[in-house]
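Please look over the complex shown here and describe how its strands, helices, domains and chains are arranged. A careful account in running text, with one small table, would be welcome.

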Amino acid sequence: MTQEVPSAPDPRPKFTKNDFVSGAEVRWCPGCGDYSILGAMQQTLAKFDIPRENYVFVSGIGCSSRFPYYMNTYGFHTIHGRAPTIATGLRLVNPDLSIWVITGDGDALSIGGNHFIHAMRRNLNFNVLLVNNEIYGLTKGQYSPTSPTGKVTKSSPYGSIEHPINPLCLAIASEATFIARTLDSDPRHMSAVMERAMRHKGVSFIEVYQNCIIFNDKAHAPVTGRDTREDRMVYLENGKPLVFGRVDDKKAIRLNGLYPEIVKFDPANTQGLLIHNEADPRPNNAYLLTQLTHPDFPVPFGVLRCVEKPTYDDLMNQQIQDVIKKKGRGRLKDLLYTDDTWTVTP
Amino acid sequence: MAGKAKQLVPAVTVRFAGDSGDGMQLTGDQFTDTTAVMGNDFSTFPDFPAEIRAPAGTLPGVSSFQIQFSETPAFTPGDVADVLIAMNPAALKVNLRHVKKGGLMILNENAFDEDGLEKAAFPTNPLTDGTLRDWQVVRLPLSDLTVNALKDHPLRASEKERCKNFFALGLMFWLYDRNLDHTIEWISAKFAKKPEFVAANIAALKAGYNHADITELMPTRFEVRKSKLEPGTYRKVTGNEAAALGFIAAAELAGKTLFLGSYPITPASSILQDLSYRKDFGVRTFQAEDEIAAIGSAIGASFGGELGITTTSGPGLCLKSEALNLAVIAELPLVVIDVQRTGPSTGMPTKTEQTDLLQAMFGRNGESPVAVVAPQSPAHCFETAIEAVRLALTHMTPVIYLSDGYLANSAEPWKLPALESLPKITVQHPTRGKGPFQPYARDPQTLARPWAKPGTPGLEHRIGGLEKADITGTVSYDPDNHEKMVKLRAEKVARIADDIPELTVRGPQSGPLLILGWGSTHGAIHAAVDEVNAAGKGPVAQAHLTHLNPFPKNLGAVLSRYKTVLVPELNSGQLLMLLRHQFHRLGQKDGTRLTGYNRIRGVPFFVSEVRQAIEELL
C-alpha cells in the first residue's frame, strides 16, 4: 500500500550513496550548506532497499529547490511554493513511491504558506525537508519570513520590522505527525533524522538549519557555532530529560506550571525534569519544544514529535475500496444509461 | 373533466419565478423531467442570483427557471416566455421583460400586499394600476389555496405554505396536459424519510391541477406534441453533468485513473460534486486548499502517469496560469475546465459570458501554447470532454476546455451514445530501452514527448520549469536551444490540426454570408439562421467551432468562400480578433469581410437579436 519500508535495515546494503548521485553538475555556491544536505540524503537513501525508480524528489523555487536535479531518481522542479500540491497529486495516484518535497524558508513559509499548512494537516504520506537559511538566496539577499526582526538585508536596509515565523510551531499548529529539526553541519544527525522521517507513515517535516555563506553567513552560528553549541543546542532523546551544557556544567529543563525553566542537571535526581515524549498524541509537549528558542533557551534538535494518525492517501484509498465493495466497480454503460432515460422509437 | 378546448402549439416557453427560497429551480426541474418523459424536445435556462438567500421578497433574491419545450427542435430556452408564474411582486418585476406581450401571467396575489410591493419597489399595485394591461393576467391566492388544500395535513402553517410551488406546478401540468406520475414518483423518493411531506406535496400538486381543471381560471389548454427526435435512448442532462460523465468515460477509454484537483467556484462546482460520488469508478477527487493547489495536484497526478484534470471558472483560471505554464514546459497532459462567467474580477458569478477565450490563448508568461476546445450544447459537453482528454494524452499538452455558466446549468435531451462509438484513446508509457532515456525526444508525427511513469526502472529523469535542452531535457540556457524549444512547443500544438475534424458548414458552401460561432451560442445561432432562411431572406450558412486552438485546417478556406462572415460572441470580439490575426490576408485577397455581433450582458443570446444582426447584413 504505502511506501515499502523494511522493518529493519538490511545488514548488507543493496545501494551505495553513489547510486543516488545524478551526475548533473552541482551549481550551489562553494561552501553552501546544501552540499552536506544533499550528501546526507544520498547517504540516507542507501540505507533502504527501495530502488531508485521509486523515489521522487519534488521541489519549488529557490537555491535548495535545485536539489532534484542532483538526485539520480525521478524529480520535478516545479514552481514557487507549490511543490506540496504536486506531491499531493502524485501521492494520490501512486501509493508505491517514496516522495520527498524539498523546500526553503521563502518557498514553504512565504509564497507556499497555504500549501504548507494544508499538507501538514492532511497527513499525506510524504516527507518535507525545509532548508532554513533565514534569507532569500536565489534572488540575492532579501529578508525571508524566518529572518529575525531587525535583520539588515538588501530589502530591509534599516532592519526588518517583521516578526519571524517559527516553522516547527507552524507545523505543530497544523497537527503534523512527524516534526524534527537538524543542521547542515552535522551529517550524521541529518541522516538519522531523514531515516526516521522515511520510516514514519504520514507527513514528515524536517527543518534543517542551513548556512547561506554568501547572503547570510553564520546566521545560525549563535546557536550552532563551535563555541556556543553545547550551551545553546539540546539533542532530543525520546524518554530522556533534555540535557545540555558543558561536561562540567550540565543543565536540564523542567516545567514551572506551563513554563519551561533551566535547572542544573543532577543525574542522580531527575525528578521533575521535562522528559521528552515524542509519541505523545497531544500536541502540547511538541508545541512547548518549538517555543524553546535562542537566546532564552537551548534550541532542540532531533525528533520533536512522531505520532500515528491515518494518512489522507490511505483514507482516500479506503473510501474508494469501500464504495466499490458496496456498489461494485462502476460500468460506463450503467452510468450513462440510468433509470431516468426514455426511448424514442422510429 | 378535461373537456376544455385544447390548442395545438409547436413550441412553448414557460418561466417560473419566485424567491430563492421558493423552490423555483426544483419546480422547473420537475416540469422538465415530465417534459422529457412526454417526448418533447426542450432546452432549459436556470437564472439565479449568487446570493444563497437574499432577504425574502426582495429583487436580488429572485430566482427563475425558463424552459422551452416543443414538437419542433428546441435549440434554445426561448427568448421570451409565453407563460410566467410569479410567486411574488419582486419575481414579477424582475421578469416582466422576459414575458411576451399578450402572454399569460399567473401571479400569487397573496404576496402582493403592502410589504411585498414595497420590497419589490412597486409604488402602486401592478395588479390594479394598469402595468399589466398588455398581458393576460391570472390572479390567484396561491398561498391560501395551498394552505387550504392541506388543512388536514399535520404540518405547520409555514410548512404548508411552502408547498405552493407544487400547487403551481400542478396548474402548469394541467395547462399543458401533462401527466403527474413522474413528479409523484419523484416526491415519494425525495421525501421518503418524511411521509408527511410526501403526502402534503402530492396533495398540493393534485390540488393545483384540479383547481385549474374545475375553475374557469385559464381559457384554454395547450398541447405540445411529441418531438420527432432521432430514434434512440435519451436522458436529460446539463452541461456540467455531461462534462463529469465525459471525463469518467474518457478515463475509462484511456485506461487511466481520473484525478480531479478542484477548488469550489461558481459555476463549476457541480462537476467536482458529481465526480466525488463516482468512487465506484475509482475517480479520485481532491478538494484543494486553493485554485493553485487544485491544478498543482492535477499536474502531480499527470506526472504520475494518470489523467489529471482541474475545474474552475475565470478568476480561478487567472490563479492557475503559472501552474498551467509548468504543464506547458513540462509537456504533461492536463485538462483545465473553465466554466466561464462574467468578469473582470468576481463579475457576476452566476451569469454567463464567453470572455475567457483570449485568456485561455494568451494569459500566461512567455510563449505558451495550449490546445483549446469548447462544447456547444449541454449534451455536447460529454463528447468535448472526451475530445479534450484525447488531445491532452495523445499530444502531451495541456488542453483548456471552455464551457460557460449557461451550458453548465442548462439542460436538454441527450441521445446516449453507443459505447462502441466512443473514440479510442491509446496511451503508451515507455519502458527501459537501449540507450539513456531521453525525456524530450519526440514522436516524429505529433512531436509529443514520452510520458515516463515514476516507478519505471531505468527512466529516472528530472523535469521542471526551467528551459529544457531539446531531446535530453537537461537544464539549458543556450539561446538557440530556447528558440528551438519555443518553436517546438508551438509546432506541437499546431500539429493537433492534423488530428481534428475539418469544419463543416450547414447550408450553402459558399455565398454572401456565413455565421461562425463557438461554444454555447450554437443553439441561438442555429435557430436564428433557420428563421432567416425560412423567411426566404437567405440562404445563410452556419458553421460552429469546437476546436479553437488550433483551428480546423480548412477554416481559412471556408471563410474565403463567403463575402461576409458574421461572428456572434458573448464578448467584445475575441474569436473575431483571433480570426483577423490568423486570416488577415483574407480581406485583401478575396474580399471576405469579418464582422462581429457582440453582447456582454451576462445572458445567452436571444434568437431574435442574432436574427436581427444577420438580417442587417442581408
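Leu513(B) stands opposite Thr564(B) in strand S21 of chain B, where strand S18 (residues 511-518) and strand S21 (residues 562-569) of chain B run parallel and are joined by four bridges. Two strands are taken to pair if DSSP finds at least two bridges between them, and the elements themselves are DSSP runs numbered from the N terminus, helices being H or I runs of at least four residues and strands E runs of at least two. The model is a predicted one, in which local features need a pLDDT of at least 70 and side-chain atom pairs count only at pLDDT 80 or more, while totals for chains, interfaces and linings use all residues. Residues are numbered from 1 along each chain as its sequence is written, and chains are lettered from A and ligands numbered from 1 in the order in which they are written.

The S18-S21 pair belongs to an open sheet of four strands in chain B, in the order S19-S18-S21-S22, with parallel pairing. Strand S19 (541-545) and strand S22 (593-598) of chain B stand at its edges, and because each has a single partner strand, one side of each is left without a neighbour in the sheet. Neighbouring strands of this sheet are turned by 25 degrees against each other on average, direction ignored; such angles run from 0 to 180 degrees between N-to-C directions, with axes taken as lines fitted to C-alpha atoms, for helices over the stretch in contact.

A second open sheet in chain B has seven strands in the order S11-S10-S12-S13-S15-S14-S20, and its pairing is mixed. Its edge strands, each pairing on one side only, are strand S11 (284-287) and strand S20 (547-549) of chain B, and the average turn between neighbouring strands is 20 degrees, direction ignored. Within this sheet, strand S10 (residues 258-262) of chain B runs parallel to S11(B) and is joined to it by four bridges, with Phe259(B) standing opposite Arg284(B) in S11(B).

The table lists helices of chain B that lie across strands of these sheets; here and below, two residues are in contact if their C-beta atoms, placed from the backbone, lie within 7 Å.

| Helix of chain B | Strands of chain B crossed | Angle |
|---|---|---|
| H11 (residues 291-303) | S10, S11, S12 (307-312) and S13 (334-340) | about 165 degrees to S12(B) |
| H19 (residues 574-582) | S18, S21 and S22 | about 145 degrees to S21(B) |
| H21 (residues 607-615) | S18, S21 and S22 | about 155 degrees to S21(B) |

The domain assignment of chain B, whose bounds come from an automatic or database source, gives domain 1 (6-223), domain 2 (231-500) and domain 3 (511-615). The C-alpha centres of domain 2 and domain 3 of chain B lie 27 Å apart, and 26 residues of domain 2 are in contact with 24 residues of domain 3. On the domain 2 side of this contact, the elements that give two or more residues are helix H13 (357-362), strand S14 (371-373), strand S15 (398-404), helix H15 (405-409) and helix H16 (479-494) of chain B. The residues on that side divide into 16 nonpolar, seven polar and three charged, where Ala, Val, Leu, Ile, Met, Phe, Trp, Tyr, Cys and Pro count as nonpolar, Asp, Glu, Lys and Arg as charged, and the others, Gly among them, as polar.

Between the chains, the contact takes 52 residues from chain A and 57 residues from chain B. Helix H2 (83-93) of chain A is among the elements that give two or more residues to the chain A side, and H2(A) gives the most, with eight residues. That side divides into 24 nonpolar, 20 polar and eight charged residues. Strand S13 of chain A and strand S9 (residues 232-238) of chain B pair in the antiparallel sense over three bridges, and Trp342(A) has Tyr234(B) as its bridge partner in S9(B).

Some backbone details deserve separate mention. Most residues other than glycine have a negative phi, and most peptide bonds are trans. Lys218(A), although not a glycine, has a positive phi of about 65 degrees, and it is found in the loop between strand S8 (204-209) and helix H7 (221-224) of chain A. In chain B, a cis peptide bond with omega of about 0 degrees joins Thr266(B) and Pro267(B), and the peptide bond from Gly343(B) to Pro344(B) is also cis, with omega near 0 degrees.
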